Amino acid sequence: MLSQIVRPMVRTQIRLLANSHATRSTLVNTIAQWLGFLGVRAQVTQIDAVSNQISVSLTVGKPEACDTHDWQQILQNLNQSKTEEEVVPSPQVQITPQQQSKLQRLLAYVIQVGSSEKPNWDKLYPQLQTLGFEESTLLGIRSALKVPQSLDQLMEGLDSDVAAIALPKAVSIALLDRQVNPSEDKALATLLEAMKQPASA
């Protein structure tokens, strides 16, 4: 199921990249999202077009499934001295406040249907932080979680560009527990279909 969601999503994101006026910053963010699906926290520090390929340099944090002791041992084995280097921040796609609110409510919906129990914010908050959400987005999600969200209402008038932003984030949230239930699957599939629709003028 996941491959059926992710592969079309990647194809759509590539098409968006081809038509983007900010291809470099958009690709930096997209690569980080792709690696996030694997539980790997990564930041792109350099990206360039080289001949018929794209050269990418990454700074990678400890994967979620990696034991802290093992990670420290890996770092020691690499025998690299730590240097202060400026890391390119993950860019944020510019959307309107209304679109941002809908995005936060969409993500809250994915959280709500991901468990039969009421979300525990104290437990959920650090998990969402590891996915790279800004504090303002986290506060919006927390507020949206206080009321039941309706997928049908959220999809009304949803712009395809907002759906493209929401889908990878929704996939990351759905995979926090390493499984996707039928309600999460429906939400992801609905977002995927919304991405395919022509963007509103």
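This passage describes how two helices pack together in a predicted model and where its nonpolar cores lie.

Two packed helices are described by the angle between their axes and the distance between the axes. In the present model, helix α4, which spans residues 97-113, packs with helix α6, spanning residues 135-144, at an angle of about 60°, and the two axes are 8 Å apart. Angles from 65 to 115 degrees count as roughly perpendicular and those under 35 degrees as roughly parallel, and α4 and α6 are therefore oblique to each other. The crossing in which α4 passes α6 is right-handed. On the α4 side, the contact is made by Q100, Q104, R105, L107, A108, I111 and Q112, which meet S136, T137, G140, I141 and A144 of α6. Sorted by class, the residues of this contact comprise 5 nonpolar, 6 polar and 1 charged.

One residue of α6, I141, appears both in this contact and among the residues with the most contacts inside the largest nonpolar core, where it is listed with L106, L128, L158 and L191. When neighbours within four places in sequence are left aside, I141 is in contact with Q104, L107, A108 and I111, as well as with W121 and L128.

In soluble globular proteins, nonpolar side chains tend to be buried together. The largest nonpolar core of this model has 37 residues, and at least two of its residues are supplied by each of α4, α5 (121-130), α6, α7 (151-155), α8 (160-174) and α9 (182-195). The most is given by α8, with 10 residues. Another core, of 5 residues, lies apart from the largest one and includes L27, V28, I31 and V44.

Terms used. Residues are numbered from 1 along each chain as its sequence is written. This is a predicted model: local features need pLDDT of at least 70, side-chain atom pairs count only at pLDDT 80 or more; totals for chains, interfaces and linings use all residues. Side-chain values use heavy atoms; hydrogens and water are left out. Axes are lines fitted to C-alpha atoms, for helices over the stretch in contact, and angles run from 0 to 180 degrees between N-to-C directions. Helices (H or I, at least four residues) and strands (E, at least two) are DSSP runs, numbered from the N terminus. Angles under 35 degrees count as roughly parallel, over 145 as roughly antiparallel, 65 to 115 as roughly perpendicular and the rest as oblique. A crossing is left-handed if the near helix is turned anticlockwise from the far one by less than a right angle, and right-handed if clockwise. Contact means heavy atoms within 4.5 Å. Ala, Val, Leu, Ile, Met, Phe, Trp, Tyr, Cys and Pro count as nonpolar, Asp, Glu, Lys and Arg as charged, and the others, Gly among them, as polar. A nonpolar core is a set of buried Ala, Val, Leu, Ile, Met, Phe, Trp, Tyr and Cys residues joined through side-chain atoms within 4.5 Å. Buried means under 20% relative accessible area, exposed over 50%, partly exposed in between (1.4 Å probe, protein chains only).
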